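Me: Hey, could you walk me through this one? I have the sequence and the structure open.

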Amino acid sequence: MKRIINTMDKLTENKTIELLMPHLERQGYIIESFCLGQTRGYDIVANKGKDKLLIEVKGAKAHKDSPTKRRDFFNSGQIKTHLGKAIIKCLETKVSCPDAIIAIAHPEDEQIRKAIGGIVPELNKIGIIHYWVNANGSVQLEA
């Protein structure tokens, strides 16, 4: 029996960014910049004292106006590809900005957890922290 996935519950990258920023501000961070849409750069850059936090954010589905939208939500192959690209970007940044805190954020999503949940704890071993962002605005730091 094929399971039906409610795509209305899937968060886009933009929505994940919008939900994560207030959490960071409650943690004492000041948002320096953020990127929505197809803009290049880190999705969120925040500062807290002398600490600089750079976050690469991924979504569970493409934004409705995305020029690359193909499916209603990302499949496990796409999720893994997006994570792989994010890891490469984070590692490159660790070389160029060794004092920065580097992170990746994903929506709290069953499909994403299934595809990469076992990999996420390993990110800490290479100096990358991870945020799980819920549609209700709660955020879990996996560090």
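Me: Let's begin with the sheet. How many bridges join β4 to β5, and are the two parallel or antiparallel?

Reply: Happy to help, and keep in mind that this is a predicted model. Strand β4 is joined to β5 (residues 128–133) by six bridges, and the two run parallel. Within that pairing, H106 sits opposite W132 of β5.

Me: What about β4 and β3, how do they pair?

Reply: That pairing is parallel too, with five bridges between β4 and β3 (residues 51–57). There, E56 stands opposite I104 of β4.

Me: Is β4 largely enclosed or open, and why?

Reply: Strand β4 covers residues 101–107, and six of its seven residues are buried, so the rest of the structure largely encloses it.

Me: And β6, which way does it run relative to β5?

Reply: Strands β5 and β6 (residues 139–142) run antiparallel, with four bridges between them. One pair to look for is H130 with its bridge partner E142 in β6. The hairpin these strands form has five residues between them, and G137 there has a positive phi near 95°.

Me: Switching to helices. How far does α2 reach?

Reply: Helix α2 spans residues 76–96, and its 21 residues reach 30 Å from first C-alpha to last, close to the 30 Å expected at 1.5 Å a residue. The buried residues of α2 fall within an arc of 125° when you look down the axis, so they line one face of the helix.

Me: Nice. Which residues are buried in α2, and which are exposed on the other side?

Reply: The buried ones are I79, L83, A86, I87, C90 and T93. On the other side, K85, E92, V95 and S96 are exposed.

Me: What do the buried ones pack against?

Reply: They pack against β3, β4, β5, α3 (110–116) and α4 (120–123).

Me: Which residue caps the N-terminal end of α2?

Reply: That's N75, with a side-chain oxygen 3.0 Å from the backbone nitrogen of G77.

Me: Now the largest nonpolar core. Which residues touch the most other members?

Reply: Those are I102, I104 and I116, in a core of 20 residues. Helix α2 gives the largest share of this core, five residues. Apart from it there is another core, of 18 residues, including L19, M21, L24 and A46.

Me: Back to I104, what does it touch?

Reply: Leaving aside residues up to four places away in sequence, I104 touches residues including I55, L83, A86, I87, C90, L123, I128 and Y131.

Key
Residues numbered from 1 in each chain as written. Predicted model: local features only at pLDDT ≥ 70, side-chain atom pairs only at ≥ 80, totals over all residues. Heavy atoms only, no water. Buried < 20%, exposed > 50% of the residue type's maximum accessible area, 1.4 Å probe, protein only. Pairing = 2+ DSSP bridges. Expected span 1.5 Å × (residues − 1). Arc of directions from axis to C-beta. Contact = heavy atoms within 4.5 Å. Polar contact = N/O pair within 3.5 Å; in protein donor to acceptor, adjacent residues only side chain to side chain. Core = buried A, V, L, I, M, F, W, Y, C linked by side-chain atoms within 4.5 Å.
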